[in-house]
Amino acid sequence: MAVPAYEVRNLVKRYAPDLPPANDGLSLDIYQGEIFGLLGPNGAGKTTLVRQLTGLTRPTSGTIRLFGHDVVADPSLIHHWVALQPQGLALPSQEMPRELLVLTGQLRGMTVAAARKQADELIEAFNLGGKLKVPFHRLSGGQRRLISIALALMGDRPVLVFDEPTNDLDPEVRRVVWQRIQEGARGGRTVILVTHNVVEAETVLDRVAIVRRGQILALGTPGELKGRVAGNVRLELLFRPGGDEQAAGWLLERSAIPMGARRYAVIVPRPQAAEAISDVLPRLELLDDFRIVTPNLEDVYLELSGGESIGS
Ligand SMILES: Nc1ncnc2c1ncn2[C@@H]1O[C@H](COP(=O)(O)OP(=O)(O)OP(=O)(O)O)[C@@H](O)[C@H]1O
Ligand SMILES: [Mg+2]
């Protein structure tokens, strides 16, 4: 039986009375030992939710329990249990990465020796060994992100929260980070992961909440959610410059969904996949690329949001 780490009920966060709520009545449980994801477009309210879960922002109304304790009434409890990798990177810029890691470990109750050992181990895993003498502000964006992830991992807190950890990481180191996150959860820790990345969501998450305009559109395992759109395939079209303007009428007839610059998606029932491809072939000269893909979480979002893209 799954035991909840977090129990969130009717959570509302309103930053100003005249603005729509950034979190609009969210209720969810996050179980101990799972990797729980929040997936949704810019401005959906994901960071607002994790800021409340980590005690950085107070809810306007609603309750949050962590390990059975009311952490809205007593946010100080959160800091014993939770480590956060924030979306923004506000760290002391003159510090060296290893010192930051060791200090964080000590602040979380580790001995100096244990903190140094874990810091060195993370530095090696994230391939930051060459950067020990470089202050934080001289590191690349990806290296800073890695330090920020390593900081969250220091001290082995029972709850780890990552707000878009892998956006600016290369594919190789991204896999190392995913592996660390999965090891953390296998060791019994609860992980909350905010992502825009559908591949990340499907690879790493045990369960995912799809968030839009402060509300949960759907919640389940990636497999369960994808089951909702299993009857379709998606035709992805990347047009040459100006090609989409020439094909405007054709795109409109097929209810094509804009997915970014010159990129469109057409959702097709599986039995009509062959027909859809032969429909594209006469227009190949307008295209840089096209492919047909089986549904992923992006399609679940497209379906639930009435044809809006998550974006990336
Ligand atoms: N401190 C703040 N004051 C006022 N409005 C805010 C504040 N922080 C966030 N918002 C608003 O709340 C909404 C949700 O923002 P939030 O940062 O939670 O979204 P997000 O899902 O994390 O987006 P992204 O994927 O871009 O990080 C947005 O409309 C944003 O403008
Ligand atoms: Mg955010």
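**Exercise 1. Contacts of ligand 1**

An oxygen atom of ligand 1 lies 3.1 Å from a polar backbone atom of Ala44. The model is a predicted one. Task: find which side chains offer an N or O atom to ligand 1, and how much of the ligand the protein buries.

Solution.
- Step 1. Start with the nitrogen atoms of the ligand. One of them is 3.5 Å from an N or O atom in the side chain of Tyr15.
- Step 2. Turn to the oxygen atoms. One is 3.4 Å from an N or O atom in the side chain of Glu164.
- Step 3. Take the area. Ligand 1 alone exposes 630 Å², and the protein buries 60% of that.

**Exercise 2. The shell around ligand 1**

Task: state how many residues surround ligand 1, which are the closest, and how the shell divides by class.

Solution.
- Step 1. Ligand 1 is surrounded by 13 residues.
- Step 2. The closest of these are Asn42, Gly43, Lys46, Thr47 and Thr48.
- Step 3. Sorted by class, the shell holds 7 polar, 4 nonpolar and 2 charged residues.

**Exercise 3. The magnesium ion**

Task: name the protein donors of the magnesium ion (ligand 2) and say which parts of the chain they tie together.

Solution.
- Step 1. The protein donors are OG1 of Thr47 and OE1 of Gln87, and they lie 2.0 to 2.2 Å from the ion.
- Step 2. Place both residues. Thr47 belongs to helix α1 (residues 46–53), while Gln87 sits in the loop between β6 (82–85) and α3 (97–107), so the pair joins parts that are 40 residues apart in sequence.
- Step 3. Check their exposure. Partly exposed covers the range between 20% and 50% relative accessible area. Thr47, at 26% relative accessibility, is therefore partly exposed. Gln87 is partly exposed because its relative accessible area is 34%.

**Exercise 4. Helix α1**

Task: decide whether α1 is largely enclosed or open, and look at what follows the helix.

Solution.
- Step 1. List the buried residues of α1: Lys46, Thr48, Leu49, Val50, Gln52 and Leu53.
- Step 2. Of the 8 residues of α1, 6 are buried, so the helix is largely enclosed by the rest of the structure.
- Step 3. Move past the helix. Just after α1, Gly55 has a positive phi of about 80°.

**Exercise 5. Two residues with positive phi**

Task: Glu164 and Arg213 each have a positive phi. Find where each one lies, and whether each is buried or exposed.

Solution.
- Step 1. Glu164 is not a glycine, yet its phi is positive at about 55°. Its place is the loop between β7 (159–163) and α6 (171–186).
- Step 2. Glu164 counts as buried because its relative accessibility is 6%, and the cut-off for buried is under 20%.
- Step 3. Arg213, also not a glycine, has a positive phi of about 50°. The loop between β9 (207–212) and β10 (215–220) contains Arg213.
- Step 4. Arg213 is exposed because its relative accessible area is 57%, and the cut-off for exposed is over 50%.

**Exercise 6. Distances across the model**

Task: give the domains of the protein, how far apart their centres lie, and the separation of Leu122 and Leu302.

Solution.
- Step 1. The protein is split into domain 1 (4–223) and domain 2 (231–294).
- Step 2. Between the C-alpha centres of domain 1 and domain 2 there are 37 Å.
- Step 3. Leu122 is part of helix α4 (residues 112–125), and Leu122 is buried, with a relative accessible area of 2%.
- Step 4. Leu122 and Leu302 are 180 residues apart along the chain, and their C-alpha atoms are separated by 38 Å.

Key
Residues are numbered from 1 along each chain as its sequence is written. Chains are lettered from A and ligands numbered from 1 in the order in which they are written. This is a predicted model: local features need pLDDT of at least 70, side-chain atom pairs count only at pLDDT 80 or more; totals for chains, interfaces and linings use all residues. Side-chain values use heavy atoms; hydrogens and water are left out. A residue is near a molecule or strand if one of its heavy atoms lies within 4 Å of it. A polar contact is a pair of N or O atoms within 3.5 Å; within protein, one must be able to donate a hydrogen and the other to accept it, and residues adjacent in sequence count only if both atoms are side-chain atoms. Accessible areas come from the Shrake-Rupley method with a 1.4 Å probe; for residues, only the protein chains shown count as cover. Ala, Val, Leu, Ile, Met, Phe, Trp, Tyr, Cys and Pro count as nonpolar, Asp, Glu, Lys and Arg as charged, and the others, Gly among them, as polar. Domain bounds come from an automatic or database domain assignment. Donors are N, O and S atoms within 2.8 Å of the metal (3.2 Å for Na, K and Ca); water is not among the atoms, so sites may look incomplete. Helices (H or I, at least four residues) and strands (E, at least two) are DSSP runs, numbered from the N terminus. Buried means under 20% relative accessible area, exposed over 50%, partly exposed in between (1.4 Å probe, protein chains only).
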